[in-house]
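Reader: I have a fold open on my screen and a few things I'd like to ask about it. Could we go through them one at a time?

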Amino acid sequence: MKLTGRTILITGGSAGIGLAFALKFIELGNEVIVTGRRQAVLDEVKAKYPKLQTIQSDVADPAQIAALAKRVKTHFPNLDVLMNNAGIFLNKNLTVPAADLDALTLEMNINVGGLIHMTSAFIDILRANKGTVINVSSALAFVPLPSAPIYCATKAAIHSYTQSLRFQLEDTGVDVIELMPPAVKTD
């Protein structure tokens, strides 16, 4: 993957792995847009790193993804990298009934649903610009952590989805990368 002169969109880029990549990509001479759910956090990041472009958007909300895609395609027509990084990690005890069944699938909706929705919303511009999709997965896709069973399942789903996406895009000029970072300490 070419690491300079790119226009890069990173979901969940206001902290942790996403922010670390954003800062490194800027250092390498790229234009970087980060998204996050919380406007106050994005404002803090923008104040600290003025070269970053920040846009509030929640990958759990398809309407916000559609609005983000429209905005980015209008203001950043050279977008050629989508880094699907946004996600949540929750410990879950599956040995008792869940008090809130919707909360039981929250990680699936954000980690998997958000990634699939984002990829679909931006696939046209990535194809036009011969871009790159980077999906953040985890080794927990293969060696699950018992205390976080749903999180681990989301990473297995991301791994499988990424492989299929790579096969489907192999003749389009779009590169598909799966990133499996080691354990990291983030918020």
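Reader: Is K73 buried, partly exposed or exposed, and at what relative accessible area?
Author: Keep in mind that this is a predicted model. Buried would need a value under 20%, and exposed one over 50%. K73 falls between those limits, so it counts as partly exposed, with a relative accessible area of 27%.

Reader: Which residue does the K73 side chain meet in a salt bridge?
Author: The contact is between side chains, N to O, at 2.8 Å. The pair links distant parts of the chain, with K73 in helix 3 and its partner in helix 5, 51 residues apart. That partner is partly exposed because its relative accessibility is 45%. The residue is D124.

Reader: How many salt bridges does a search of the whole structure find?
Author: One of them joins K73 and D124. Another is formed by K24 with E27, and D80 and R6 meet in one as well. As background, side chains of opposite charge can pair when their charged atoms come close. The search of the whole structure finds three.

Reader: How far apart in sequence are the parts that D80 and R6 tie together, and why do they count as separate parts?
Author: The side chains of D80 and R6 meet at 2.8 Å, N to O. D80 lies in the loop between helix 3 (62-75) and strand 4 (81-84), while R6 is in the segment before strand 1, so the pair ties together parts that are 74 residues apart.

Reader: And are D80 and R6 buried or exposed?
Author: The cut-off to use here is under 20% relative accessible area for buried. D80 and R6, the two partners of that salt bridge, are both on the same side of it: buried.

Reader: Where do K24 and E27 sit, and how far apart are they along the chain?
Author: The closest N and O atoms of this salt bridge are 2.9 Å apart. K24 is partly exposed because its relative accessibility is 42%, whereas E27, at 59%, is exposed. Both lie in helix 1 (residues 16-27), and the spacing, about one turn of the helix, is three residues.

Reader: What does T7 touch, leaving out residues up to four places away in sequence?
Author: T7 is found in strand 1 (residues 7-10). Its relative accessible area is 9%, so T7 is buried. Its contacts are E31, I33, F76, N78, L79, D80 and V81.

Reader: Which residues make the nonpolar surface patch of about 240 Å²?
Author: One member, L3, is in the segment before strand 1. L3 is partly exposed because its relative accessible area is 41%, and a patch residue needs over 30%. The patch is made by M1, L3 and L28.

Reader: Which element gives the most to the lining of the largest cavity?
Author: There is one cavity of 30 Å³ or more, and the largest holds about 30 Å³ of space. Its lining includes T11, V59, N84 and I110. Five lining residues come from the top contributor, which is helix 5 (residues 106-128).

Reader: Which residue is not a glycine but has a positive phi of about 50 degrees?
Author: Most residues other than glycine have a negative phi. The one you want is in the loop between helix 5 and strand 5. At 53% relative accessibility it counts as exposed, so it sits above the 50% cut-off. The residue is K130.

Reader: What separates the C-alpha atoms of S137 and E178?
Author: S137 is in the loop between strand 5 and helix 6, and it is buried because its relative accessibility is 3%. Among the residues S137 touches are K155, H159, E178 and P181. S137 and E178 are 41 residues apart along the chain, and their C-alpha atoms are separated by 6.5 Å.

Reader: Which residues does A148 touch, not counting those up to four places away in sequence?
Author: A148 lies in the loop between strand 5 (132-136) and helix 6 (149-169). With a relative accessible area of 0%, A148 is under the cut-off and therefore buried. The C-alpha atoms of A148 and K92 are separated by 5.7 Å, although the two are 56 residues apart along the chain. The residues A148 touches are F89, L90 and N91.

Notes. Residues are numbered from 1 along each chain as its sequence is written. This is a predicted model: local features need pLDDT of at least 70, side-chain atom pairs count only at pLDDT 80 or more; totals for chains, interfaces and linings use all residues. Side-chain values use heavy atoms; hydrogens and water are left out. Helices (H or I, at least four residues) and strands (E, at least two) are DSSP runs, numbered from the N terminus. Buried means under 20% relative accessible area, exposed over 50%, partly exposed in between (1.4 Å probe, protein chains only). Contact means heavy atoms within 4.5 Å. Patches are made of residues with over 30% relative accessible area and no salt bridge: like charges are joined within 9 Å, nonpolar side chains (Val, Leu, Ile, Met, Phe, Trp, Tyr) within 5 Å. Accessible areas come from the Shrake-Rupley method with a 1.4 Å probe; for residues, only the protein chains shown count as cover. A salt bridge is a side-chain nitrogen of Lys or Arg within 4 Å of a carboxyl oxygen of Asp or Glu. On a 1 Å grid over the protein atoms alone, a cavity is a set of points where a 1.4 Å probe fits but cannot get out, and a pocket is an open set with protein on both sides within 12 Å along at least five of seven lines; lining residues have an atom within 4 Å of a point. Grid points are joined across faces, edges and corners, and a volume is the space filled by probe spheres set on the points.
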